[in-house]
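Work through the following exercises on helix packing and nonpolar cores, keeping the coordinates open beside the text.

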Amino acid sequence: MLSSMEDVISLGVGEPDFVTPWHIREAAIHSLENGYTMYTSNYGMLELRQEIAKYLQVRYGINYHPEGEILITVGVSEGFDIALRAILNPGDEVIIPDPCYVAYPPCIVLAGGIPVPIPTSKENDFVIKASDIEPQITEKTKAIVIGYPANPTGAVMPREELEQIAALAQQYDLLVISDEVYDRLVYGVEHVCFASLPEMKQRTILLNGFSKAYAMTGWRLGYAAANHQIIEAMLKIHQYAMLCAPTMAQMAAIEALKHGDSEVEGMVREYDQRRRVIVKGLNKIGLTCFEPKGAFYAFPSIGITRMSSEEFAEKLLMEEKVAVVPGSAFGQCGEGYLRCCYATSLPDIEEALLRMGKFVHKHKKT
Ligand SMILES: Cc1ncc(COP(=O)(O)O)c(C=O)c1O
């Protein structure tokens, strides 16, 4: 619908509006000029794995061996898929938050597993709680998937909540797949890497990548870090499905990790400014919104209109030409909410808020 309309402001697509910083693009250009056009190791380039190991050591104090504990993947998307395919037997259950990133449930099903959604709510700032997970654990449960900062809610997991999930993982001998693709996009709070908690490195498949922090969604590059047996099992699938991640993108990622920090910080400052504007604006027009502390999403309630989130999103697009994603796309508990991505310019956010204000004024029921 959106592509057939003009003058639409999109708060829909979940990707940075920034172009990849120039020196990172230049590293890729140089790699082509220098003839780096062949396959790399199935694991990915050793230099990149070494830089990732350094990043995880310096930032989170975890030691991963670059040879055998890190695998370069085609985005977190591939990392998530092959992690599931490596660990699941048919009928294994995998716990996921509800709402969650759209790919989690279908990838689990495609890998032969059964997704078990755990409701989260505005009252708990959409944080998945160990006390809600525990009653859903059965002898079929293989893993818990957590993703934070979260898509679609922007929720960040506090250390205490993570510690309680870690205790459950120990008690019930579960693996944890931790999708930390938004780790750098936090605003005034700490991102705690799940694998950095005591005893958790052995049980965690840590997934991260370059899409969000470095504005590199189109480069398709990510990585998985885990114990050697798990990485070996994932490698068996990766080497036949992908062979290796793109060489040019790996060269660019080395440059990103070595020299990209100041640009990441600049983009985070910009997102933070937009975050404040959109959260304040949504609350002002009656779409109440908890304060998201990470990623680049606001997740306001549309209760005031008594519409379904799909109806709201469709009417808003048709009547005011603002595109948002209905919360129901992310699970049953997303019903009654919208995902508004604020990785777009401030003037566009301000104009979108004006249009949404007009729309809510027209349709509100209370
Ligand atoms: C939570 C989450 N995980 C993974 C991805 C996909 O990441 P990648 O581009 O590294 O495949 C996204 C993209 O929106 C996401 O929001």
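Two residues are in contact here when heavy atoms of theirs lie within 4.5 Å. The model is a predicted one.

**Exercise 1.** Determine which residues have the most contacts inside the largest nonpolar core, and list what methionine 356 touches.

*Solution.* The largest nonpolar core has 100 residues, and those with the most contacts inside it are Leu48, Phe210, Ile278 and Met356. Leaving aside residues up to four places away in sequence, methionine 356 touches Leu11, Leu282, Ile285, Leu287, Leu316, Val322, Val324, Leu338 and Cys340. A second core, separate and of 23 residues, includes Ile95, Leu162, Ile165 and Leu174.

**Exercise 2.** Classify the packing of helix 9 and helix 11 from the angle between them, and describe the contact.

*Solution.* Helix 9 (residues 261-284) packs with helix 11 (residues 346-363) at about 5°, their axes being 10 Å apart. Angles under 35 degrees count as roughly parallel, and helix 9 and helix 11 are therefore roughly parallel to each other. On the helix 9 side Gln273, Arg274, Val277, Ile278, Gly281 and Leu282 take part, and they meet Leu346, Ile349, Glu350, Leu353 and Met356 of helix 11. These contact residues divide into seven nonpolar, two polar and two charged.

**Exercise 3.** Classify the packing of helix 3 and helix 7 in the same manner.

*Solution.* Helix 3 (residues 75-87) and helix 7 (residues 228-241) pack at an angle of about 120°, with their axes 8 Å apart. That angle makes helix 3 oblique to helix 7, and the crossing of the two is right-handed. Helix 3 contributes Glu78, Gly79, Ile82, Ala83, Arg85 and Ala86 to the contact, while helix 7 contributes Ala233, Met234, Ile237, His238 and Ala241.

Conventions: Residues numbered from 1 in each chain as written. Predicted model: local features only at pLDDT ≥ 70, side-chain atom pairs only at ≥ 80, totals over all residues. Heavy atoms only, no water. Axes fitted to C-alpha atoms, helices over the stretch in contact; angles between N-to-C directions. Helix = DSSP H or I, 4+ residues; strand = E, 2+ residues; numbered from the N terminus. Parallel < 35°, antiparallel > 145°, perpendicular 65-115°, else oblique. Left-handed = near helix turned anticlockwise from the far one by under 90°. Core = buried A, V, L, I, M, F, W, Y, C linked by side-chain atoms within 4.5 Å. Buried < 20%, exposed > 50% of the residue type's maximum accessible area, 1.4 Å probe, protein only. Nonpolar A, V, L, I, M, F, W, Y, C, P; charged D, E, K, R; others polar.
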